[in-house]
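Welcome, and thanks for taking a look at this one with us. Please open the structure below, and we will walk from the overall fold to one pair of packed helices.

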Amino acid sequence: MAILQTLGIASCLGGPLRTCGYAAEMLRDAFALQKPEQQGLQLQWHMLYPENNGSKDEKLSRLNQSISRFSQYWTEQNQVFLVIGGDHSCALGTWGGVLNGLQRPGKFGLIWLDAHMDAHTFATSPSGNIHGMPLAALLGKADKKLAAMYPGSDFIKPENLILIGVRSYENEEYDLLKQAKVEIIFAEQIDGLAQVLTKAIDKLSLSCQVIGISIDLDFIDPDDAPGVETPAQGGIKAEELLKALALINRHPKICGLEISEFNPEKDPENKTLHLMKKIIETFYGETL
Ligand SMILES: NC(=[NH2+])NCCC[C@H](N)C(=O)O
(Lines give C-alpha, C1' and ligand atoms only; values in the text may rest on other atoms or scores of the structure.)
Protein backbone atom coordinates (compact mmCIF):
# COMPACT_ATOMS: atom_id res chain seq x y z
CA MET A 1 0.00 0.00 0.00
CA ALA A 2 1.30 3.40 -0.96
CA ILE A 3 2.19 5.82 1.83
CA LEU A 4 1.45 9.44 1.11
CA GLN A 5 3.16 12.20 3.09
CA THR A 6 0.36 14.50 4.17
CA LEU A 7 0.52 17.88 5.83
CA GLY A 8 -2.58 19.20 7.58
CA ILE A 9 -2.80 22.89 8.33
CA ALA A 10 -5.24 23.69 11.10
CA SER A 11 -5.53 27.36 10.35
CA CYS A 12 -8.04 29.77 8.92
CA LEU A 13 -6.01 32.89 9.65
CA GLY A 14 -6.05 33.90 5.97
CA GLY A 15 -9.81 33.75 5.44
CA PRO A 16 -12.93 35.45 6.80
CA LEU A 17 -14.27 32.46 8.78
CA ARG A 18 -13.16 30.61 11.88
CA THR A 19 -13.98 27.03 10.96
CA CYS A 20 -11.91 26.12 7.92
CA GLY A 21 -9.01 25.00 10.10
CA TYR A 22 -10.76 21.70 10.88
CA ALA A 23 -10.45 20.09 7.45
CA ALA A 24 -7.31 18.09 8.13
CA GLU A 25 -8.50 16.61 11.40
CA MET A 26 -11.90 15.70 9.95
CA LEU A 27 -10.32 14.16 6.89
CA ARG A 28 -7.84 12.21 8.99
CA ASP A 29 -10.78 10.79 10.96
CA ALA A 30 -12.69 9.95 7.77
CA PHE A 31 -9.69 7.98 6.46
CA ALA A 32 -9.19 6.31 9.84
CA LEU A 33 -12.78 5.01 9.82
CA GLN A 34 -12.07 2.96 6.73
CA LYS A 35 -11.49 -0.76 7.11
CA PRO A 36 -7.86 -1.72 6.35
CA GLU A 37 -8.93 -3.80 3.32
CA GLN A 38 -10.63 -0.74 1.83
CA GLN A 39 -7.54 1.38 2.10
CA GLY A 40 -5.71 1.73 -1.17
CA LEU A 41 -3.76 4.63 0.18
CA GLN A 42 -2.18 5.28 3.54
CA LEU A 43 -1.78 8.86 4.62
CA GLN A 44 1.08 9.72 6.93
CA TRP A 45 -0.19 12.81 8.72
CA HIS A 46 1.84 15.76 9.96
CA MET A 47 -0.19 18.53 11.58
CA LEU A 48 0.62 22.20 11.85
CA TYR A 49 -1.20 24.58 14.18
CA PRO A 50 -0.73 28.35 14.31
CA GLU A 51 1.17 29.69 17.28
CA ASN A 52 -0.73 31.42 20.05
CA ASN A 53 1.39 34.54 20.20
CA GLY A 54 1.85 37.43 17.84
CA SER A 55 -0.32 39.33 15.37
CA LYS A 56 -2.29 37.53 12.67
CA ASP A 57 0.32 38.45 10.07
CA GLU A 58 3.16 37.23 12.26
CA LYS A 59 1.37 33.95 12.93
CA LEU A 60 0.69 33.45 9.23
CA SER A 61 4.29 34.20 8.31
CA ARG A 62 5.60 31.67 10.79
CA LEU A 63 3.01 29.10 9.78
CA ASN A 64 3.94 29.44 6.12
CA GLN A 65 7.63 29.13 7.03
CA SER A 66 6.80 25.83 8.70
CA ILE A 67 4.69 24.63 5.77
CA SER A 68 7.50 25.48 3.38
CA ARG A 69 10.02 23.44 5.37
CA PHE A 70 7.89 20.32 4.82
CA SER A 71 7.30 20.88 1.10
CA GLN A 72 10.94 21.86 0.56
CA TYR A 73 12.12 18.67 2.23
CA TRP A 74 9.73 16.46 0.24
CA THR A 75 10.77 18.19 -2.97
CA GLU A 76 14.45 17.65 -2.20
CA GLN A 77 13.68 14.00 -1.47
CA ASN A 78 11.67 13.64 -4.66
CA GLN A 79 8.70 12.53 -2.62
CA VAL A 80 5.15 13.36 -3.67
CA PHE A 81 2.96 14.97 -1.03
CA LEU A 82 -0.50 16.16 -0.10
CA VAL A 83 -1.30 19.40 1.72
CA ILE A 84 -4.70 19.95 3.33
CA GLY A 85 -5.51 23.54 4.30
CA GLY A 86 -6.78 25.58 5.97
CA ASP A 87 -7.60 28.51 3.88
CA HIS A 88 -5.83 29.02 0.57
CA SER A 89 -3.10 31.24 2.03
CA CYS A 90 -1.28 27.94 2.74
CA ALA A 91 -0.23 28.09 -0.92
CA LEU A 92 2.41 30.65 0.08
CA GLY A 93 4.13 27.97 2.14
CA THR A 94 3.39 24.90 0.03
CA TRP A 95 4.68 26.22 -3.29
CA GLY A 96 7.25 28.61 -1.83
CA GLY A 97 8.79 25.54 -0.20
CA VAL A 98 8.72 23.53 -3.43
CA LEU A 99 10.51 26.37 -5.23
CA ASN A 100 13.11 26.46 -2.45
CA GLY A 101 13.68 22.74 -2.80
CA LEU A 102 14.23 22.71 -6.55
CA GLN A 103 17.60 23.10 -8.15
CA ARG A 104 15.94 24.75 -11.12
CA PRO A 105 12.91 26.67 -9.80
CA GLY A 106 12.38 28.13 -13.26
CA LYS A 107 11.21 24.70 -14.29
CA PHE A 108 8.33 24.54 -11.82
CA GLY A 109 4.76 24.76 -13.10
CA LEU A 110 1.57 25.23 -11.11
CA ILE A 111 -2.04 24.52 -12.04
CA TRP A 112 -4.51 26.51 -9.96
CA LEU A 113 -8.09 25.19 -9.88
CA ASP A 114 -10.15 27.91 -8.25
CA ALA A 115 -13.23 30.10 -8.66
CA HIS A 116 -11.05 33.06 -7.65
CA MET A 117 -7.79 34.56 -8.87
CA ASP A 118 -6.21 34.99 -5.43
CA ALA A 119 -3.80 37.51 -6.93
CA HIS A 120 -4.37 40.57 -4.78
CA THR A 121 -1.83 42.43 -2.69
CA PHE A 122 -2.64 44.27 0.53
CA ALA A 123 -2.85 47.43 -1.57
CA THR A 124 -5.64 46.09 -3.80
CA SER A 125 -7.53 43.51 -1.71
CA PRO A 126 -11.17 44.45 -1.02
CA SER A 127 -11.27 42.31 2.12
CA GLY A 128 -7.69 42.32 3.41
CA ASN A 129 -7.94 38.50 3.57
CA ILE A 130 -4.65 36.86 2.73
CA HIS A 131 -6.31 33.80 1.16
CA GLY A 132 -7.06 36.16 -1.75
CA MET A 133 -3.36 36.98 -2.27
CA PRO A 134 -1.04 33.95 -2.58
CA LEU A 135 -0.55 34.08 -6.35
CA ALA A 136 0.69 37.68 -6.28
CA ALA A 137 3.43 36.59 -3.89
CA LEU A 138 4.23 33.37 -5.76
CA LEU A 139 4.72 35.41 -8.93
CA GLY A 140 7.05 37.85 -7.15
CA LYS A 141 4.53 40.67 -7.48
CA ALA A 142 3.68 41.18 -3.83
CA ASP A 143 3.79 44.49 -2.01
CA LYS A 144 6.20 44.83 0.90
CA LYS A 145 3.83 43.53 3.56
CA LEU A 146 2.83 40.46 1.56
CA ALA A 147 6.39 39.77 0.40
CA ALA A 148 7.45 39.65 4.05
CA MET A 149 5.01 36.78 4.61
CA TYR A 150 6.24 34.69 1.68
CA PRO A 151 8.78 32.00 2.67
CA GLY A 152 10.07 31.31 -0.84
CA SER A 153 13.28 32.69 -2.25
CA ASP A 154 12.20 32.05 -5.83
CA PHE A 155 9.06 32.74 -7.80
CA ILE A 156 6.91 30.99 -10.38
CA LYS A 157 7.49 32.16 -13.92
CA PRO A 158 4.20 33.59 -15.20
CA GLU A 159 4.28 31.30 -18.23
CA ASN A 160 4.43 28.32 -15.86
CA LEU A 161 1.19 29.17 -14.07
CA ILE A 162 -2.28 28.27 -15.35
CA LEU A 163 -5.53 29.25 -13.63
CA ILE A 164 -8.58 27.12 -14.38
CA GLY A 165 -12.21 27.69 -13.41
CA VAL A 166 -12.18 31.39 -12.52
CA ARG A 167 -15.55 33.12 -12.21
CA SER A 168 -15.25 35.60 -9.34
CA TYR A 169 -12.56 38.26 -9.24
CA GLU A 170 -11.73 41.95 -8.95
CA ASN A 171 -10.18 44.08 -11.68
CA GLU A 172 -6.94 44.76 -9.84
CA GLU A 173 -5.99 41.11 -9.52
CA TYR A 174 -7.03 40.48 -13.10
CA ASP A 175 -4.75 43.34 -14.20
CA LEU A 176 -1.84 41.90 -12.24
CA LEU A 177 -2.22 38.49 -13.91
CA LYS A 178 -2.89 39.95 -17.33
CA GLN A 179 0.17 42.18 -17.21
CA ALA A 180 2.26 39.16 -16.27
CA LYS A 181 0.62 37.25 -19.17
CA VAL A 182 -0.57 34.39 -16.98
CA GLU A 183 -2.95 32.01 -18.74
CA ILE A 184 -6.46 32.11 -17.28
CA ILE A 185 -9.17 29.67 -18.31
CA PHE A 186 -12.49 31.01 -17.06
CA ALA A 187 -15.23 28.62 -15.90
CA GLU A 188 -17.45 29.60 -18.81
CA GLN A 189 -14.73 28.61 -21.28
CA ILE A 190 -14.52 25.06 -19.98
CA ASP A 191 -16.21 22.56 -22.22
CA GLY A 192 -14.93 19.32 -20.74
CA LEU A 193 -12.51 19.68 -17.85
CA ALA A 194 -10.65 16.49 -18.68
CA GLN A 195 -9.45 17.98 -21.93
CA VAL A 196 -8.61 21.35 -20.37
CA LEU A 197 -6.61 19.77 -17.55
CA THR A 198 -4.67 17.33 -19.70
CA LYS A 199 -3.88 20.13 -22.14
CA ALA A 200 -2.58 22.27 -19.26
CA ILE A 201 -0.39 19.41 -18.03
CA ASP A 202 0.92 18.77 -21.54
CA LYS A 203 1.72 22.45 -22.02
CA LEU A 204 3.58 22.73 -18.71
CA SER A 205 5.36 19.44 -19.31
CA LEU A 206 7.14 20.99 -22.28
CA SER A 207 8.95 23.57 -20.15
CA CYS A 208 8.69 22.21 -16.59
CA GLN A 209 10.29 19.33 -14.75
CA VAL A 210 7.98 19.49 -11.76
CA ILE A 211 4.28 20.36 -11.63
CA GLY A 212 2.03 21.12 -8.66
CA ILE A 213 -1.74 21.19 -8.44
CA SER A 214 -3.63 23.47 -6.08
CA ILE A 215 -7.36 22.92 -5.65
CA ASP A 216 -9.56 25.42 -3.90
CA LEU A 217 -12.77 23.51 -3.20
CA ASP A 218 -14.80 26.49 -4.40
CA PHE A 219 -13.63 25.55 -7.90
CA ILE A 220 -16.39 22.92 -7.72
CA ASP A 221 -20.01 23.99 -8.04
CA PRO A 222 -21.59 24.77 -4.65
CA ASP A 223 -24.29 22.15 -5.38
CA ASP A 224 -21.61 19.46 -5.16
CA ALA A 225 -19.25 21.17 -2.70
CA PRO A 226 -21.30 23.43 -0.43
CA GLY A 227 -18.74 23.35 2.40
CA VAL A 228 -16.44 26.18 1.38
CA GLU A 229 -15.61 29.63 2.69
CA THR A 230 -16.45 31.75 -0.33
CA PRO A 231 -18.81 29.90 -2.69
CA ALA A 232 -19.33 31.05 -6.29
CA GLN A 233 -22.10 29.75 -8.52
CA GLY A 234 -21.37 28.17 -11.89
CA GLY A 235 -18.54 25.82 -10.98
CA ILE A 236 -17.46 22.44 -12.30
CA LYS A 237 -19.43 19.34 -11.36
CA ALA A 238 -17.65 17.09 -8.86
CA GLU A 239 -17.93 14.12 -11.17
CA GLU A 240 -16.24 16.04 -13.96
CA LEU A 241 -13.36 16.97 -11.68
CA LEU A 242 -12.91 13.36 -10.57
CA LYS A 243 -12.89 12.13 -14.15
CA ALA A 244 -10.27 14.69 -15.08
CA LEU A 245 -8.09 13.91 -12.06
CA ALA A 246 -8.23 10.19 -12.82
CA LEU A 247 -6.55 10.92 -16.13
CA ILE A 248 -3.54 12.48 -14.45
CA ASN A 249 -3.34 9.96 -11.60
CA ARG A 250 0.33 9.62 -10.54
CA HIS A 251 1.58 11.67 -13.44
CA PRO A 252 5.39 11.42 -13.28
CA LYS A 253 5.95 15.17 -13.16
CA ILE A 254 3.49 15.91 -10.39
CA CYS A 255 5.14 16.68 -7.05
CA GLY A 256 2.16 17.50 -4.91
CA LEU A 257 -1.50 18.26 -4.48
CA GLU A 258 -2.94 20.96 -2.26
CA ILE A 259 -6.61 21.14 -1.24
CA SER A 260 -7.93 24.17 0.61
CA GLU A 261 -10.92 26.15 1.88
CA PHE A 262 -13.08 23.38 3.37
CA ASN A 263 -15.66 24.87 5.71
CA PRO A 264 -17.50 22.21 7.75
CA GLU A 265 -20.15 24.67 8.92
CA LYS A 266 -21.70 24.66 5.47
CA ASP A 267 -21.30 20.92 5.03
CA PRO A 268 -23.93 19.36 7.32
CA GLU A 269 -24.19 16.17 5.26
CA ASN A 270 -20.42 15.77 4.85
CA LYS A 271 -20.78 16.03 1.08
CA THR A 272 -17.71 18.19 0.65
CA LEU A 273 -15.70 16.18 3.18
CA HIS A 274 -16.37 12.94 1.29
CA LEU A 275 -15.62 14.62 -2.00
CA MET A 276 -12.27 15.78 -0.66
CA LYS A 277 -11.48 12.17 0.24
CA LYS A 278 -12.50 10.98 -3.21
CA ILE A 279 -10.33 13.62 -4.86
CA ILE A 280 -7.30 12.32 -2.96
CA GLU A 281 -8.07 8.68 -3.74
CA THR A 282 -8.63 9.46 -7.41
CA PHE A 283 -5.48 11.51 -7.71
CA TYR A 284 -3.10 9.38 -5.69
CA GLY A 285 -4.81 5.97 -5.31
CA GLU A 286 -3.43 2.83 -6.89
CA THR A 287 -6.70 1.35 -8.04
CA LEU A 288 -9.01 3.44 -10.13
N1 LIG B 1 -9.13 31.61 -1.55
C2 LIG B 1 -10.28 32.23 -1.63
N3 LIG B 1 -11.41 31.66 -1.29
N4 LIG B 1 -10.25 33.49 -2.07
C5 LIG B 1 -11.41 34.33 -2.17
C6 LIG B 1 -11.02 35.75 -2.38
C7 LIG B 1 -12.22 36.65 -2.50
C8 LIG B 1 -11.89 38.09 -2.82
N9 LIG B 1 -11.30 38.22 -4.13
C10 LIG B 1 -10.94 38.66 -1.75
O11 LIG B 1 -9.80 38.86 -2.02
O12 LIG B 1 -11.37 38.89 -0.66
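The protein contains nine helices and eight strands. Its radius of gyration is 17 Å, close to the 19 Å that the globule rule gives for 288 residues, so the protein is as compact as a globular protein of that length. Please keep in mind that this is a predicted model.

**Overall picture**

Measured out along the principal axes, the C-alpha trace would fit the spans of about 50 × 45 × 40 Å. Half of the chain is tucked away, in the sense that 50% of the 288 residues count as buried. Contacts that link distant parts of the sequence are plentiful: of those with a separation of 6 or more, 75% are between residues 24 or more positions apart.

**Around strand β1**

A good place to start is strand β1, residues 2–9. This strand pairs with β2 and is also joined to β3, as the table shows.

| Strand joined to β1 | Residues | Sense | Bridges | Example of facing residues |
|---|---|---|---|---|
| β2 | 41–48 | parallel | eight | I3 and Q42 |
| β3 | 81–84 | parallel | four | Q5 and F81 |

When you look along these strands, a general point may help: in a regular strand the side chains alternate between the two faces of the sheet.

**Helix α9 meets helix α1**

Now let us move to helix α9, which covers residues 271–284 and includes K277. Is K277 buried, exposed or partly exposed? With 17 other C-beta atoms within 10 Å, K277 is partly exposed, because a residue counts as buried only at 20 or more such atoms and as exposed at 12 or fewer.

Leaving aside residues up to four places away in sequence, K277 touches L27, A30 and F31. V196, by comparison, lies 81 residues from K277 in sequence, and the C-alpha atoms of the two are 23 Å apart.

The contacts of K277 belong to a helix pair. Two packed helices are described by the angle between their axes and the distance between the axes. For α1 (residues 23–32) and α9, the angle is about 70° and the axes are 10 Å apart. The two helices are therefore roughly perpendicular to each other, and their crossing is right-handed.

Which residues meet where α1 and α9 pack? From α1 come M26, L27, A30 and F31, and from α9 come L273, M276 and K277.

Conventions:
Residues numbered from 1 in each chain as written. Predicted model: local features only at pLDDT ≥ 70, side-chain atom pairs only at ≥ 80, totals over all residues. Rg over C-alpha atoms; globule rule 2.2 N^0.38 Å. Contact = placed C-beta atoms within 7 Å. Pairing = 2+ DSSP bridges. Axes fitted to C-alpha atoms, helices over the stretch in contact; angles between N-to-C directions. Parallel < 35°, antiparallel > 145°, perpendicular 65-115°, else oblique. Left-handed = near helix turned anticlockwise from the far one by under 90°.
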